[in-house]
Amino acid sequence: MYSIDNNGNLITGTTVILLVSLILIVIFVVNSIYFLENENIDSIESDNFKYIINDYKKNLEQIGKESLAEETEKLYHGHIIHDSRKEVKKILNEKLKKTNKDYKEKYGVDIRSEVISVESTDSPWKVLFKVRIKVDKDSEQYDGIIESNSSIEGLNDPLPYAMLTAYSNINHDDKTIYYFESLSQYLLKHNVDSFESYILATSPMIIKKCPYDPYIHHGDGNTLKECLKNGYFHESADGSCYLCRLEGKGTCPHYGLEVFIQTHTPLTNESVSCSDHVVFHDRYNGKKLNKWDINSLILDESHAKKYGLSYNETG
Ligand SMILES: [Zn+2]
Ligand SMILES: [Zn+2]
């Protein structure tokens, strides 16, 4: 203790107390910020609580994918999508509300969720979802952002329907899209030479990752034949990503996909190269790999090179 024998000491004493308090407050605040920033699922004490949050994260992967599927389904029923990220966000928010209710019943936890973003990623096969959740159970709390990468494999390709909605003459079965005359009409409208080559063209509907990687091996043996039979999709810097495909963009700044649109035509003159980003955006010409095969791909030289394919002039 110190004695107060004049005004000077009183002021010094008060100042010291204030300073110490201030230092303590600063230490407390810094510690709190540090703690908040470093808080993650691992810092949660109870295993049960941790389990619930991890379980929610796992579910997000699936629910995110279902939201994409639902949005794509709208396209297949004639809707036009202007902002796919915003619309998928809306669908996901609704779905999570239901999930939160399920968790309340199942685990007795209160969850509030808000989708922060739906994003393209470095991989064209994944879409990233970020969701902020606040979880309360008894005395425990979690407030943080959980992320999940959902695979687009197994979903329908949005691009053909996004591009050709105005031409009603397009259909599909459980794995193939049939363009009938819609694609050739679309190409005629965009002044493509020999648009007739694309009458009755087809393309795969379900997104499946081509296993023949590196792609240059498509020229070996039956590889191209197998790839076309299975309807595989390929990575492509020029092709568009899933979220941009929903908006009817044949190309975009993100790393994307490309698929061959297969023609079934006896015509042999040059027409637009059959990679979908070329058909729906870049529109440069290619020629048949095999003139005499009505099912031959129409391909430009740089794509033929990428896939290790050569032109068979003699048949
Ligand atoms: Zn392939
Ligand atoms: Zn994109």
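The exercises below, each with a worked solution, concern a predicted model.

**Exercise 1.** Find which residues of the largest nonpolar core touch the most other members, and which helix gives the most to this core.

*Solution.* Begin with the core itself, which has 56 residues, and pick out the members that touch the most others, namely Leu92, Val127, Phe129, Ala162, Tyr242, Leu243 and Cys274. Next, turn to the helices, where α2, spanning residues 47–76, makes the greatest contribution to this core with six residues. Finally, place the core among the domains: at least three of its residues come from domain 2 (45–151), and at least three from domain 3 (159–306).

**Exercise 2.** Take Cys274 and list its contacts, leaving aside the neighbours within four places in sequence.

*Solution.* Start from Cys274, which is one of the core residues that touch the most other members. With its neighbours within four places in sequence set aside, the contacts of Cys274 include Phe260, Ile261, Gln262 and Thr263. To these are added Val279 and Gly286, and the list is completed by Leu297, Ile298 and Leu299.

**Exercise 3.** Describe how strand β2 pairs with β1 and with β3, giving the sense of each pairing and the number of bridges.

*Solution.* First consider β1 (residues 110–120) and β2 (residues 126–137), which are antiparallel and are paired over 10 bridges; in this pairing, Ile133 of β2 is found opposite Ser113. The two strands make a hairpin, and five residues lie between them. Then consider the other partner, β3 (residues 140–151), which runs antiparallel to β2 and is joined to it by 12 bridges. Here Val127 has Ser150 of β3 as its bridge partner, and Val127 is also among the core residues that touch the most other members. The hairpin of β2 and β3 has two residues between its strands, and within this hairpin Asp138 has a positive phi near 50 degrees.

**Exercise 4.** Locate Phe180 and Asn191, and decide for each whether the residue is buried, partly exposed or exposed.

*Solution.* Phe180 is in the loop that runs between β5 (176–178) and α5 (182–189), and its phi is positive, about 45 degrees, although Phe180 is not a glycine. A count of 16 other C-beta atoms within 10 Å makes Phe180 partly exposed. Asn191, in the loop between α5 and β6, likewise is not a glycine and has a positive phi, of about 55 degrees. For Asn191 the count is 8 other C-beta atoms within 10 Å, so this residue is exposed, since the cut-off for exposed is 12 or fewer.

Technical notes: Residues are numbered from 1 along each chain as its sequence is written. Chains are lettered from A and ligands numbered from 1 in the order in which they are written. This is a predicted model: local features need pLDDT of at least 70, side-chain atom pairs count only at pLDDT 80 or more; totals for chains, interfaces and linings use all residues. A nonpolar core is a set of buried Ala, Val, Leu, Ile, Met, Phe, Trp, Tyr and Cys residues joined through C-beta atoms within 7 Å. A residue is buried if 20 or more other C-beta atoms lie within 10 Å of its own, exposed if 12 or fewer, and partly exposed in between; C-beta atoms are placed from the backbone. Helices (H or I, at least four residues) and strands (E, at least two) are DSSP runs, numbered from the N terminus. Domain bounds come from an automatic or database domain assignment. Two residues are in contact if their C-beta atoms, placed from the backbone, lie within 7 Å. Two strands pair if DSSP finds at least two bridges between them.
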